[in-house]
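The following exercises ask you to read strand order, domain contacts, backbone angles and burial from a single model. Work through each task with the coordinates open before you turn to its solution.

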Amino acid sequence: MTTVRITGLGKRYAATTALDDLSLEIGTGVTGLLGPNGAGKSTLLRCLATALAPDTGRIEAFGLDPAVAIQRTELRRRLGYLPQNPGLYPNFTAAALLDYVAVLKEIVDGPQRRAEVRRVLEEVGLTDRAKTRVRKLSGGMRQRLGLAQALLGDPSLLILDEPTVGLDPEQRMGFRALISRLGETRTVLLSTHQTEDVGALCERVVVMRRGSAIFDGTPRALSGLAQGQVWLSTEPPPAHQMYWRTSDGDYRTLGPQPPQAEAAKPSLEDGYLMLLGPEVAAAAR
Ligand SMILES: Nc1ncnc2c1ncn2[C@@H]1O[C@H](COP(=O)(O)OP(=O)(O)OP(=O)(O)O)[C@@H](O)[C@H]1O
């Protein structure tokens, strides 16, 4: 079911076009945003979180238009946002910070607020750090606290800007399980640079480049873009080809078949790199 409709969204910062006539419909479940640095992912998430007003175009979420003040307030009640740099007050304890945000989220009843703070701490596995000051938490713990504040009030729309950044592999697994579960009944839009996150988490992936969506489909369809174009060999391919060394010491090549190379099953990363090929190759030079 479509819950968010974005139509012709545009945003410029001086001479930079961050969003270029972007249209997108998002529904219940987890949708992943992939794209190179500067593609406009954070700008899109900020606009959706009502933290930034677009220059042109329209957003409609749960039938609410954030350009209209009263509807914007109602939408804010229904969304949780994890920004790229959440700026958590360093001298607050984890629990005090969540209590503070819970007040801002209009959870005014004391016992209800304390129960909600306990619930979100539990969700992100930080119960034993409730009394630790933010400045003493590790980067991964701060990231989990950032997610916890987004979960306060059980929002229907979760907007998560690079939620798995700074997490170790075990925490990443835990986060993926939590986000997948949240996506069963909510609309979750997240940005990431990790193609594995998208494969593990998202029913749908949107690839952005220079403010536009250049791919919109399932993770399987994104992998499929590299079908018949992925090769493994023990010897390096010709230098002009796009290739890299794998952890097994083999060479993985994208594009035409190099000499003595065998066909390999495409991964999501292969599909993504095929899509962005010329740009990635140019950046590597
Ligand atoms: N506050 C700002 N002032 C000026 N330019 C900005 C500002 N925020 C973003 N930009 C520019 O807008 C473009 C899109 O940036 P944005 O942060 O949305 O991209 P992104 O896809 O999230 O990138 P990343 O993956 O590096 O986080 C970039 O060229 C960026 O330099």
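**Exercise 1. In what order do the four strands of the open sheet stand, and which strands stand at its edges?**

Solution. In this predicted model, the open sheet of four strands follows the order β11-β12-β10-β13, and the pairing is antiparallel. The edge positions belong to β11 (242-245) and β13 (262-263); each has a single partner strand, so one side of each lacks a neighbour in the sheet.

The next step is to check the pairings of β10. Strand β10 (residues 230-233) is joined to strand β12 (residues 251-254) by four bridges, and the two run antiparallel. The register can be read from two pairs: Val230 stands opposite Leu254, while Ser233 stands opposite Tyr251. Towards β13, two bridges are found, and β10 and β13 likewise run antiparallel. Here Leu232 of β10 has Glu262 of β13 opposite.

**Exercise 2. Find the bounds of the two assigned domains, and describe the side of domain 1 that touches domain 2.**

Solution. Begin with the bounds: the domain assignment places residues 2-222 in domain 1 and residues 223-283 in domain 2. Taken over C-alpha atoms, the centres of domain 1 and domain 2 are separated by 32 Å. The contact between them draws 13 residues from domain 1 and 10 residues from domain 2.

Next, assign the domain 1 side to its elements. At least two residues each are supplied by α7 (195-201), β8 (204-209), β9 (212-217) and α8 (219-224), and the largest share, four residues, comes from α8. Sorted by class, this side of domain 1 has nine nonpolar, two polar and two charged residues.

Finally, set the assignment beside the record. The UniProt annotation "domain: ABC transporter", from an unreviewed entry, covers residues 4-235. In the model, the end C-alpha atoms of this span lie 48 Å apart, and the span is 36% helix and 28% strand.

**Exercise 3. Which residues surround the ligand, and which element gives the most to the shell around the ligand?**

Solution. List the residues before grouping them: the ligand is surrounded by Tyr13, Thr16, Ala18, Gly35, Asn37, Gly38, Ala39, Gly40, Lys41, Ser42 and Thr43. Two elements, β2 (16-27) and α1 (41-48), each supply at least two residues of this shell. Of the elements, α1 gives the most, with three residues. By class, the shell around the ligand has three nonpolar, seven polar and one charged residues.

**Exercise 4. How many residues of β6 are buried, and which way do they point?**

Solution. Start with the count: five of the five residues of β6 are buried, which leaves the strand mostly covered. Then separate the two directions. Leu157, Ile159 and Asp161 point one way from β6, whereas Leu158 and Leu160 point the other way, and all are buried. The pattern can be set against a general expectation, namely that in a regular strand the side chains alternate between the two faces of the sheet.

Now look at the partner strands. Strand β5 (residues 79-82) pairs with β6 in the parallel sense over four bridges, and Leu157 is the bridge partner of Leu79. Strand β7 (residues 187-191) also pairs with β6 in the parallel sense, here over five bridges; in this pairing Leu158 stands opposite Val188.

**Exercise 5. For Glu162 and Arg210, find the value of phi and decide whether each residue is buried or partly exposed.**

Solution. The background to the search is that most residues other than glycine have a negative phi. Glu162 has a positive phi, near 50°, and is found in the loop between β6 (157-161) and α6 (169-182). To judge burial, count the other C-beta atoms within 10 Å of its own, with 20 or more needed for a buried residue. Glu162 has 21 of them within 10 Å, so it is buried.

Apply the same steps to Arg210, whose phi is also positive, near 45°, and which lies in the loop between β8 and β9. With 16 other C-beta atoms within 10 Å, Arg210 is partly exposed.

Key. Residues numbered from 1 in each chain as written. Predicted model: local features only at pLDDT ≥ 70, side-chain atom pairs only at ≥ 80, totals over all residues. UniProt positions renumbered as here; feature names shortened; annotations may be inferred. Pairing = 2+ DSSP bridges. Domains from an automatic or database assignment. Contact = placed C-beta atoms within 7 Å. Nonpolar A, V, L, I, M, F, W, Y, C, P; charged D, E, K, R; others polar. Buried ≥ 20, exposed ≤ 12 C-beta atoms within 10 Å, placed from the backbone.
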